[in-house]
Amino acid sequence: MRVAIVGAGAVGRSIATELLGNGHSVMLIEKNGSRVKPRSVPGAEWVQADACEVTSLEEAQLATCDVVIAATGDDKANLVVSLLAKTEFAVNRVVARVKDPRNEWLYTEAWGVDVAVSTPRVLAALVEEAVTVGDVVRLMSFRKGAANLVEITLAEDTPWVGRPVRDVPLPRETVLTTILRGERVISPDPDEPLEAGDELLFVTHGDIEEQLQKIMCPDGSC
């Protein structure tokens, strides 16, 4: 993919390095000239410009990008970049960094945001995922809750232990994507038996999460 990252601070540079390592083409757009340091991210295309201006984005040929990541430390700038990327340049996927969690409610499709990433929320979810058994833990939201990536760890007394995946009556709009078992990543084959301690990753709708937990932990068994 061709990815444009707006903001070449520590966050933007780290994302660029990861994407380059995965074989993607990366363009870093940075307004502050002191942060334009091509040697810090070898292989990336660097553009010094104000990404909140349409003419700057036109010169950077933003329309050729598959993904735009608004990664500045300014929520206002990230929202403006997201809106321009989606409405003026029809970028397929817009990911935006939420600097202040109090502003997260603004990061919606109305502002062109497909995925909003809030570091405090992600860290909290990872902590919950590491220590919580039986509860549905939301790891990430897509399209503002239209689809969520959630995790649930099976307790020893859940009735699903020892039973194959096909026996689990998943609710509508819910897909079991992965089973994490120790260091293994297991594809959820219908005949795969579930084990206590399995971490199950689902993609589901926000309104279905409570129903999913009741199915995986009937009668509060978890």
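The paragraphs below go through two sheets of this structure and one buried residue in a loop.

The model is predicted: local features are given where pLDDT is at least 70, side-chain atom pairs count only at pLDDT 80 or more, and totals for chains, interfaces and linings use all residues. Residues are numbered from 1 along each chain as its sequence is written, and side-chain values use heavy atoms, with hydrogens and water left out.

Strands of a sheet pair through backbone hydrogen bonds, either parallel or antiparallel. Here, helices (H or I, at least four residues) and strands (E, at least two) are DSSP runs numbered from the N terminus, and two strands count as paired if DSSP finds at least two bridges between them.

One sheet is open and parallel, with six strands in the order 3-2-1-4-5-6. Strand 3 (45–48) and strand 6 (115–118) are at its edges, each with a single partner strand, so one side of each has no neighbour in the sheet. Direction ignored, neighbouring strands are turned by 20° against each other on average; axes are lines fitted to C-alpha atoms, for helices over the stretch in contact, and angles run from 0 to 180 degrees between N-to-C directions.

Within this sheet, strand 4 (residues 67–70) pairs in the parallel sense with strand 1 (residues 2–6) over four bridges. Val-3 stands opposite Val-67, and Ala-4 has Val-68 as its bridge partner. Strand 4 also pairs with strand 5 (residues 93–98), again parallel and over four bridges; here Val-68 is partnered by Val-94. Strand 4 is covered on both faces: Val-67 and Ile-69 on one side, and Val-68 and Ala-70 on the other, are all buried (under 20% relative accessible area; exposed is over 50%, partly exposed in between, with a 1.4 Å probe and protein chains only).

Helix 3 (residues 75–87) joins strand 4 and strand 5 in a right-handed β-α-β unit. Right-handed means that, with the strands pointing away from the viewer, the path from the first strand over the helix to the second runs clockwise. Helix 3 lies across strand 1, strand 4 and strand 5, at about 175° to strand 5.

The other sheet is open and antiparallel, with five strands in the order 7-8-11-9-10. Its edge strands are strand 7 (137–142) and strand 10 (184–186), each paired on one side only. Strand 9 (residues 174–181) pairs with strand 10 over three bridges, one of which links Leu-180 and Val-185.

Glu-192 is in the loop between strand 10 and strand 11 (199–204). Its relative accessible area is 18%, so Glu-192 is buried. Apart from neighbours within four places in sequence, Glu-192 has contacts (heavy atoms within 4.5 Å) with Arg-163, Pro-164, Val-165, Ile-179, Arg-181 and Ile-186.
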